[in-house]
Amino acid sequence: MAKTDTRTVASLLREYGHRTALRGDNPYRTKAYLHAADSLAALSQPLDRIIAAGALIRIPGIGNAIADIVRKLYETGTHPRLEKLREEVPAGVMELFTVPGLRPDKILKLHQALGVNSLAELEAAAKADRIRPVKGLGASLQTKILQNLTIARSGEAQLHLHKAAALLQHAILSVKQEHPEFSRVEIAGDFRRGCELVADLALVALGNKPTEIEQSTLRLVVTNNKHFGASLLQATGSADHLEQLTMYAAERGFALKPDGLYRGRKLIASATEVEIYEALDLQFIEPELREGRDEIERAARRQLPTLVRDEDLHGILHSHTTASDGTETLEAMAEATRKRGFEYYGVADHSQSAHYAGGLTLRDIAEQHREADRLNTKYGGKFRVLKGIEADILADGSLDYPDDVLKQFDFVVASVHSRFQLPKKEQTDRIIAAIANPLTTIIGHMTGRQLLRRPGYELDVEEVLRACARYNVAVEINAHPWRLDLDWRWHQKALDYGCIFSINPDAHSIRELDHMHWGVEMARKGGVPRERVLNAMGLAALLAYLSKRNCGSKIGGKRRSPGRKAAARGAANRNVLGPHKG
C-alpha cells in the first residue's frame with residue numbers, strides 16, 4: 001500500500017484536531033494537534049525518512065502520543081478515531097474552520113441548527129438572514145461571518161509572522177541535520193521581505209550541487225558560493241521587484257538571470273546581492289523594500305532611507321499588566337524589559353471603559369503609580385517605569401477619563417475598542433477628535449484590524465494621518481503579529497505628512513515583549529528611519545519630549561546609551577531573519 005505524503009498527513013492531522021474540537025475535547029489537546037500539523041507542513045525532509053529514523057518526536061509539537069497518530073496516518077492514510085469522528089460531522093463542515101473568529105461550538109451549532117455543511121452554504125445562510133434568529137448565534141455573528149468570509153478565502157496557506165518564524169527556524173535545523181555539508185542556510189521568500197503574512201516558506205542553502213527542492217510547503221534552493229547572492233535575490237523576490245530590476249538592467253545593457261547579472265556572455269556579479277546592486281549603480285535595497293513600488297528609482301537616486309533596527313529602540317510605550325488584562329505584575333514586566341537592554345518601560349493598561357479587560361479605576365491608577373514610584377526609586381535612574389494608560393476613545397471622540405486624571409500620566413495611548421461599525425466619516429471624526437486632545441501622545445492600532453481574523457473599521461486613513469502630523473501625535477506600529485497596525489503600505493504617506501511613529505508590542509505577558517521585533521520589521525517595510533520613531537529616543541530625550549507635551553506628571557531622568565545588552569538584543573532579533581545583505 002502506498003504511503004501518504006507529508007502534505008496529506010499534515011492535512012489529516014489538522015482535520016483530526018478540528019474534529020476533536022467539535023466534540024468539545026480538551027482545547028489544549030486540539031491546539032497541540034494543530035501545532036503539530038503546522039510543523040509537519042514545514043518539514044524540509046521526507047516524512048518517511050524521519051519516521052524510519054525514529055525522529056518524529058524531535059519535530060516541534062510532536063510527542064509520543066501525536067507521533068503514534070502521525071505514523072498511523074502516514075502508513076494507512078487514516079486513523080481509527082478519525083474515521084469514527086468522521087461519522088459525526090460531514091467533511092464540508094471542516095471548511096468553516098477557515099472563517100476567522102468562528103469557534104468550534106458556533107460551527108457545530110450552525111451545522112446542527114441550520115444544516116450548514118460548507119462555506120457556500122454558510123454564506124447563503126448569512127445572506128438569507130437565517131443565522132440572526134438562532135439562539136446562541138445571533139446578528140453580530142451573522143455580520144462577522146459576512147465580513148470574514150472574504151478573509152477565509154484569501155488567507156488560505158498564509159501564516160502570521162511569529163508562526164512562520166517558528167516553522168522556518170525548525171526547517172533550518174532540519175536541513176542542517178539532514179545535510180551537514182550545507183555550510184550556510186538563509187531564510188528567503190515572504191518572510192525575509194517582512195511581509196505581514198507569509199505564504200512562501202523559502203530557504204537558500206550553500207552546497208555543492210545546485211538544485212531546487214519542493215517539500216510540502218517549504219521551498220529549498222541549493223546553490224554554490226559563486227551564485228549564492230543571485231539565488232538569494234531570486235528566492236527573496238518579490239516577483240514585481242525582480243521584474244522591474246530585470247527591466248532596469250536590460251535598459252543599461254545587462255541581463256539579470258537566475259544565476260547572476262550578465263553583460264553579454266560575461267558574468268558580472270552573482271556572489272552577493274550587494275555586488276549585483278552595485279554593478280547596476282544602485283544603492284543596496286533592503287529585502288523589506290523589495291515590493292516593486294518605487295524602491296529602484298529611489299535607489300538609483302541614492303535616496304533610500306537608513307531603516308530603523310531592533311537595537312535603535314530604547315524602550316516600550318504600550319504594554320499591559322495584571323492591573324488590567326495582562327498576566328504579569330508591573331514589576332515583572334518592567335524587570336523583563338530592563339533585562340532585554342531597554343532604558344524604559346511604559347505601562348499602558350486599559351482604561352475604565354474597558355470593563356471586559358479589567359480597566360483601571362481611579363483607585364487602581366493611584367495604586368499603580370505608587371508602585372511605579374517605588375520601582376523607580378529602586379532603579380535609581382538606571383531604568384525608568386513610565387506611567388501610561390491606553391485610554392478608550394468614546395463614540396464622540398473624547399477619552400474616558402477627565403483631563404485632571406489624564407494629566408497624571410506620562411503618556412496616553414488613545415485607542416478604539418468599541419463601535420467598530422460606525423460609518424466611515426463618523427469613525428474618522430471620532431479618532432481625529434481624540435488626536436486633537438492635547439493629552440493624547442500616541443494613537444493606538446489605528447484601524448483595529450486583526451490579520452486573518454477581521455478587517456479594520458471604515459476609516460479615512462489619510463485624514464487621520466494628517467491630523468497626527470498636525471497635532472504631533474505618534475502613529476503606533478502595533479507589533480502584535482495579529483495586528484501589525486498601521487499597515488506598512490501607509491507608512492510612506494505618514495512620513496510625507498511629517499508623522500512620527502511609536503513601535504509598541506501591546507504585550508500582555510513577558511513573552512510578548514519580544515513582539516517588538518515584528519513592529520520593527522513593519523517599520524522597515526514601510527521605509528521608516530530611526531529618527532522618525534518616538535521610542536528610538538533615549539530616556540532623557542523622551543522625557544523632555546513628553547514634558548513639552550504637557551502630560552503633567554513629574555518626570556525626569558538621565559540619558560543612557562543602549563550599551564552591550566541593547567546591541568546584543570538587536571543582533572539576536574536580526575538573526576531571526578538572517579543577514580539583510582547577501
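Two strands count as paired if DSSP finds at least two bridges between them, and strands and helices here are DSSP runs (E, at least two residues, for strands; H or I, at least four, for helices), numbered from the N terminus. With that in hand, take β15: V475 in this strand is the bridge partner of I443. The model is a predicted one, where local features need pLDDT of at least 70, side-chain atom pairs count only at pLDDT 80 or more, and totals for chains, interfaces and linings use all residues. Residues are numbered from 1 along each chain as its sequence is written, and side-chain values use heavy atoms, leaving out hydrogens and water.

**The seven-strand sheet**

- Seven strands make an open sheet in the order β10-β11-β12-β13-β14-β15-β16, and the pairing is parallel.
- The edges are β10 (315-316) and β16 (501-504); each has a single partner strand, so one side of each is left without a neighbour in the sheet.
- β11 (residues 344-350) and β12 (residues 384-392) run parallel and are joined by 7 bridges, with D349 standing opposite I389 of β12.
- Helix α15 (residues 330-339) lies across β10, β11 and β12, at about 145 degrees to β11. Such angles run from 0 to 180 degrees between N-to-C directions, with axes fitted to C-alpha atoms, for helices over the stretch in contact.
- β14 (residues 442-443) runs parallel to β15, and 2 bridges join them.
- In β15 (residues 474-478), 5 of 5 residues are buried, meaning under 20% relative accessible area (over 50% is exposed, in between is partly exposed; 1.4 Å probe, protein chains only).
- Both faces of β15 are covered: A474, E476 and N478 sit on one side, V475 and I477 on the other.

**The three-strand sheet**

- Here 3 strands form an open, antiparallel sheet in the order β7-β8-β9.
- β7 (255-257) and β9 (266-269) are the edge strands, each pairing on one side only.
- From one strand to the next, the twist averages 40 degrees.
- β7 pairs with β8 (residues 260-263) over 3 bridges, in the antiparallel sense; K257 has G260 of β8 as its bridge partner.

**The α1/α2 pair**

- The axes of α1 (residues 6-22) and α2 (residues 27-41) come within 8 Å and cross at roughly 170 degrees.
- That makes α1 roughly antiparallel to α2 (angles over 145 degrees count as such, under 35 as roughly parallel, 65 to 115 as roughly perpendicular and the rest as oblique).
- The contact (heavy atoms within 4.5 Å) includes V9, L13 and Y16 of α1 and Y33, L34 and L40 of α2.
- By class, this contact has 11 nonpolar, 5 polar and 2 charged residues. Nonpolar covers Ala, Val, Leu, Ile, Met, Phe, Trp, Tyr, Cys and Pro, charged covers Asp, Glu, Lys and Arg, and the others, Gly among them, are polar.

**Helix α21**

- All of α21 (residues 516-525) is buried, 10 of 10 residues, so the helix is largely enclosed by the rest of the structure.
- Its buried residues include charged-looking names you might not expect to skim past: E521, R524 and K525 are among them, as is W518.
- After α21 comes G527, whose phi is positive, near 80 degrees.

**V221**

- V221 sits in strand β6 (residues 218-223) and counts as buried, at 11% relative accessibility.
- Leaving out residues up to four places away in sequence, V221 touches L203, V204, A205, T211, E212, S231 and A235.
- V221 and A544 are 323 residues apart in sequence and 50 Å apart in space, C-alpha to C-alpha.
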